[in-house]
Each structure stands twice: as structure tokens, then as C-alpha cells.
Amino acid sequence: MEDNNNDIEYNQNNESDSDLVVVSEILPDKIPILPVTKRPIFPGMMFPLTFSGDRIIQLVENVYEGDKQILGVVLVKEKDEQDFMNSELYRVGTVVKIHKLSKINENTIQIIIQGLERFSHISTAWKEPFLTWKVEYHYNEQQKPDDELKAYTMSIMSSLKELYKKDQIVQEQLKMITSNISHDNPGKLLDLVASILNADKEKLQDALETFDLYDRSKKILVLLKEEIELSQLQEEIEKQIEEKVNKRKKEFFLREQLKIIKKELGLEKDDKTAEIEKFEERKKDLKLTKEAAKTINNEIEKLKMLDPSSPTFNVTRSYLDTLTSLPWGKYSEDRLDIQRVREILDEDHYGLQDVKDLILEFIGTIIKRGSVAGSILCLVGPPGVGKTSVGRSIARALNREFFRFSLGGMKDEAEIKGHRRTYIGAMPGKIMQSLQRTGTANPVIMLDEIDKVGKSYQGDPASALLEVLDPEQNVDFRDHYLDVGFDLSNILFITTANQLDTIPRPLLDRMEIIKLSGYILQEKIEIAKQFLIPKQRKKHNLKSTEVNITDKVLEIIADKYAREAGVRGMENQIKKIMRQVTLKMAEGKGNKFSISNRNYKDYLGKPKYTTEKLYEKSFPGVALGLAWTSLGGKTLYIESSATKTGESGYKQTGQLGDVMKESTEIAFSYIRSKLSKRGNHFFENNFIHLHVPAGATKKDGPSAGITMALSLYSLATNKPVRGDIAMTGELTLTGRVLPVGGIKEKTIAARRVDVYEIILPADNEKDFNNLPDYIREGIDVHFVEYFDEVLDIVYG
């Protein structure tokens, strides 16, 4: 592919009737062709032409070194990106003579050419080594023009003068050129005008291909008129812009004059003085530390010495603005009425009684001690259980300002500790920004998603948080931007997380953990009735008389559409109902709507979840376990089967995680060992397959240990397990049953499938006893320390 860039500069040289090439000179009927891309060349003019490309340079050099230095210049119609010399060309061009060739660099040359005559393509003589055409020339007739052609010529000259009326230099050049062109040769005048127009190359090519002088005159005149209109539009735009600029200049000068007059009369101060007085006034209302007062005074003195146009002036002014806008010594008065605190927590949240009790104990200690120093809460739980709203309620209960920001994905420690002032656009960290916005030095600051803090080459935000949350260090916290100590010990920090595993241990040690396990079905229904439905009615501008959702539908939503631990999913389903109601009202399908268990599917669609179904009949090798998931508790069958192979073998399926696989291995080893001591060698002669439905769901954790062991024991002894009993507990190789988590959710899962007898680890007795009465009611629970007790309960 040729690297072609040809640029044409049009320099209309003063030419007399004695051209550089004599008209009578015989032009060859076969000429090499040079493609150009910018615009066509017109006869009678001298042009510098610059281009690059090995093949083109070779072509031009061959022509220049020849006898006549003649070649044809033709405009490219369709460029060939692969081979420029192979591009599709127009059929009419201009024959030119090369007068001078000079090299600009190794790959670029410039030539001075003179346009001679038009030609049109007859046939292609040959393509190699260079494209050569057989051509026919079209000479301009030199005859005295008639009145019509003279009228066209005069109109063109008049339009040309109008186009360049403001450019005196161009006008003088036009006079010199046109005065030397014979009136008996109107073709040359038309070519001159065409060569200086800025029209599209296609239109110029059309003018080049028009051999009849009358038709050519018409086309040139139209192009001139179009260019005049464009020039007038450009002139109008420039005029409008100039008027706007002049108006702004005028306003600026008037304002500056007004400032000077007001300053002389003592009515107004300049910006610098006003800024300094603002900082001085702010300083009076602050209870500054010695260090802060000294720093502010030094910066104010520095500001007085600086010129307002100096870059340092703006840096210093911004620094002072931040320093003096911090709440030095400003505290909101704490509410010390613990009964009112309890009422506020109950108003804002339904359920979560264990969490409320812990918060009340925490706040009671703060009230007794008179400070929050060393108190950092960490609310842990799945999404949607109300961690953020609990934090907001604590702030309201204590009568403190509340500020929340998320740490999720944060990778730069400067977000916490600020940027140093040496950087352009430096600013304080989030902690100092929160104090600026709250306006008090003792707000409640919530650090959301602390378990999702990132780490990068820019620093470790988690390590920076150690200084913020450590009561021994935050008394004199130094933000990089401020570089002045600020006491953070009066701030109540509340952090939230979905899990504790990803929180760095040193950070976790500084926090008091409060777990929000989630809401049970009855709690979700009450939350929907008391909070979610009124909130969504208000958002959708609906009255209580216009839409009614029955308790049965709320129960169905909680069980079959929104099983997650929180209430966001339930709120989304209520939103969906409200949107459907507003749509029906807009369509005129009614004014009152009641959503019941008969029509709820019309609003919500098919249920997302189905209630677990128990096996109708018990089989050897099948046991019912209880599991915890992010959506709450769930019943889970453990199934095992045997294939007689004459040798031992074991495998497990069901997308089990590493911990759960270890539990299956422990259960297999324990039951095999236990039975072999009794003379049962079932496992030595059979290949065992243990499966945990459903296979598409990932599972992990140790809590199914005793369920797996019972499944294997049932298979080996051919004794079915009762279908009305469920269990959970971690198993060791010695047969001990260790405690597990999620007792509340697992108990609820058992009730959901009408299983009222459960087996729990003995160490979980306190967890079960702490459950609300309505969850424990009717449940027959067995607490076991060893697996043998499980066998006694199931088969005793």
C-alpha cells in the first residue's frame, strides 16, 4: 500500500499572455497519470504540490528527468486503501508541466507545476510501470466573448469582489491577476476563479469537466454565490461572538470600577481582606487547641503576605477554610434518658430484641461513664436486615448527628487519612469531611461494608482505620492534609459487615460484635405491615383505601418470594404490587384493589421458592438435616447408597465445599470404625456413595456431620431413620458432637415443614433457650454430646 499524502497549496502567480509553456507546444497523446485526493488542478495556474510514497516519487522523478516533463493530474474518485495508485479516478483531468522538483526529506518531495489544458480519458495505454492514458485535449477557445458571456464574466468578477471585499491584500492580488488576463480568453478567467474557490472537490471536478464556457460560467457563478452566503453566515457568527465578548469586557471593567469606588468610600473590602476577616470571625467561635490556634494564626499571617493571584494564596485559603470549618470544641448534648432510647429503637425496628438489648446495654454504659471512648460497635449480618437503619436509630436515640460512608472497594489510605498538601487537588480524608458536614465533634459515624475494604499499591485503608478506631491513638488523630491533631475519642463509630472472615484481626479486636441474624417469617409480616407497606403507599401516592394486602399474601411473599434473611426482597415485591395497582388505575380498571391468596399471582407472577417436601416413606441411608443458608434455615436430606463390589470405596456428590467434604470423610471413618468393632464389615465389601441434594447448589460447613453419620449408619444396618426428626451438629472422629451456628434459622426451617422433634449439640442449649417463645413452642428438642445419644433417640 502506498503511503500517499498529497497537499496542494494554491499560489496564483501573476501570469501574462506569454505563458511558461507555449500554447502551440504539441502535447503528447499518451501521458502518465498522477492521482490527487484534495481537489482538481485547473489549467493556466502555477501550483506547489507535495506528496509522499515510493511509487509516486518514482513516477514524478521519471517524468522530471524526461524530455517534456509532462504528466496528467486526475482527482481520485474512490481511494484504494491497499494500493493508492490503483484508486478509481475521474475521466477528466489537467495536463501539467513540472518546472521544479525538490526533496523535503527521504520520503517527501515537492514540485512546482503549471496547469496547461484539460484532457479526457480515451483508453488506458498501459498500467505498468506507471498508469498511462491515451487522452484527448480540450483547449479554451480564444475568441471575443459575446454579450451573454461578457455578462457572466462581469457577474463573476462582481461576486468575487464581494467575497473578498474585506481582505484588501486579496483584492489587490485579484486586480493584478485579472488585469493581465485577456478579455478574449474568458476560459482562463473561469479557471482562475475556480482554482481559488473553497467548494467541495466534487463540485470543482464538475466545473473542470464542463467544456462549454456558458455552462461553466453558470456553475462557477453558483459556486461563488454559495461561498458568499457561507462567508456572510460566518461573518454574522463572528459578529455575535464579538458582541458577547465586548459585553463581558464592559461588565468586567464596570465591576472593577465599582469595586474600587466602594473600596475608596469604605463600603466594601477586597476579596483578600474579606477572606481574612471571615477566618478571624470563625476563629472566635471555636475552642481551639494550642496547636490548632497556632497553626491558624500562622496561616492567616501568611495569607496577608500573599498576592491573591499567587497559586499559594488559593492553597493557603483552602487550608484555612478547612481548618476553621471543623467543629473544634462543638458537641451536641447527649440524650441520657434510657427509656426514651428504648422507645426510639422500638419505633424504628420491629423484632431484633436480642440486638436491641445489647445496644441498650452499650448505651447504658456510655451514659454511666459519660463518654464513648473505646466504644466501637460492629453490626454483622446478611444484606437487608437493618444494619444501617439500626445505626441511624442509635444516633437519633442519643440525639447525635449521623454520617455514613462506605468502605466497600476502598483501596487508597488517603480516603481515610487525607492527601498531603503537596499534591494538586489535595483534600482531607473522609473522617474529617464527616466532621465538617455534621458540624459537631461527637457525631455517630457509620463505616459501612468494613469487610470489603481493598488493598493496593496506594496503601492499606484497613491499617489506616486502626488509628481511627483505636481509643489509645484517636485522641490525637492527624489527617495528612490538616497535619494538626484532632480528638476523635468522642465519636461513636459503628461499622457494618456481612461477614467477619475478611476483616483484619487487629481491626476486629478493637470492635464489639453484634450479630443481626435476620428476621423470621412472622417478623417479616409485621415489618411489612408497620413499615414497608405504609412507606411504599406514600412513595406511589396511594391511599390505604385504594390498596389492601392481606396477611396471608404477606406470609406467601415472605415464604415463596423473599426468603432472604433481610426484608429488601419483601419490599421489592410490595413495590411490584404497588406499581401494578398504579398501572391498573391509570388504565381505568378500578379505584380499589385487594390482593389476596386468590389473585396474588396476577401481581407477583410464579413463586421463586417452593416449600421443602418431606419423603412420604423412610428408607435406609436417608436422614433429615438442618442447614443454614444466606436465605435463612433449610431442611436438607442426606442420602447414601451401597454397591457390592467386594472391596471398600467411597465418594460424595452434591457440590460440597472443602469443609463439608471433610465432614463426610469424618462421618465415614467414624461409622466404619464403630461398626467394625461390632463385627459389621459392611463397608469393607461395598462401594459407598453419599449424596446431598440439590446438586446444583453449592454447600459447605461442618454442621451436617451427625446427619451424614446417621445416614451411613442407617445404610449399613438397614434401619430406616424416622422421617419426623431433624438434626444438626458437627461430628469428631471420637464421636463427640460439637456446637454449630444458625440455631434460630434451623429451628424455623424445621417448623416450616412440620417437623417438631430436633436434635441439637448440648453446647447449643443456651442458644435455643434464648429464642423467642413462639419459635420454641411445640418443639421437642434433644441436646446431645455424643453420637451414641443420637442413635438412642432415633432408634431407642
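## Terms and model

Helices (H or I, at least four residues) and strands (E, at least two) are DSSP runs, numbered from the N terminus. By that numbering, aspartate 754 is found in the loop between helix H23 and strand S25, the latter covering residues 757-761. The structure is a predicted model.

## Aspartate 754 and asparagine 399

Aspartate 754 is a residue other than glycine with a positive phi, near 60°. Its relative accessibility is 54%, so aspartate 754 counts as exposed, the cut-off being over 50%.

Asparagine 399 is not a glycine either, and its phi is positive at about 65°. This asparagine sits in the loop that runs from helix H12 (387-398) to strand S10 (402-406). Asparagine 399 counts as partly exposed because its relative accessibility is 40%.

## Helix H17

Helix H17 spans residues 521-539 and has a kink of about 50°, centred on alanine 528. Alanine 528 is also one of the buried residues of H17. The others on that list are Glu523, Lys524, Ile525, Ile527, Leu532, Ile533, Gln536 and Arg537. An α-helix has 3.6 residues a turn, so residues three or four places apart point the same way.

The cover over the buried residues of H17 includes strand S16 (547-549) and four helices: H18 (551-561), H19 (568-586), H23 (743-752) and H25 (773-776). H23 also borders the loop that holds aspartate 754. After H17 comes asparagine 541, with a positive phi near 55°.

## Glutamine 205

Glutamine 205 belongs to helix H5, residues 201-208. With a relative accessible area of 1%, glutamine 205 falls under the 20% limit and is therefore buried. Beyond four places in sequence, the residues in contact with glutamine 205 are Pro40, Leu75, Tyr90 and Val92.

Valine 92 also takes part through its backbone: its backbone oxygen lies 2.9 Å from a polar atom of the glutamine 205 side chain. Alanine 194 is 11 residues from glutamine 205 along the chain, and the C-alpha atoms of the two are separated by 9.8 Å.

## Threonine 94

Threonine 94 is part of strand S6, which covers residues 92-105. Its relative accessible area is 0%, which means that threonine 94 is buried. A polar atom of the threonine 94 side chain lies 2.5 Å from the backbone oxygen of isoleucine 41.

Isoleucine 41 is also among the residues that threonine 94 touches, when those up to four places away in sequence are not counted. The list continues with Phe42 and Pro43, then Leu71, Gly72 and Val73. Further along the chain, threonine 94 touches Gly115, Leu116, Glu117, Phe119 and Leu208.

## Strand S7 and the loop after it

Strand S7 covers residues 108-126, and threonine 108 lies in it. Threonine 108 counts as buried because its relative accessibility is 17%, under the 20% limit. Apart from neighbours within four places in sequence, threonine 108 is in contact with Thr50, Phe51, Ser52, Ile57 and Lys103.

The loop between S7 and strand S8 (132-138) contains proline 129. Glutamate 128 and proline 129 are joined by a cis peptide bond, with omega about 0°.

Key
Residues are numbered from 1 along each chain as its sequence is written. This is a predicted model: local features need pLDDT of at least 70, side-chain atom pairs count only at pLDDT 80 or more; totals for chains, interfaces and linings use all residues. Side-chain values use heavy atoms; hydrogens and water are left out. Buried means under 20% relative accessible area, exposed over 50%, partly exposed in between (1.4 Å probe, protein chains only). Contact means heavy atoms within 4.5 Å. A polar contact is a pair of N or O atoms within 3.5 Å; within protein, one must be able to donate a hydrogen and the other to accept it, and residues adjacent in sequence count only if both atoms are side-chain atoms. The bend at a residue is the angle between axes fitted to the seven residues ending there and the seven starting there.
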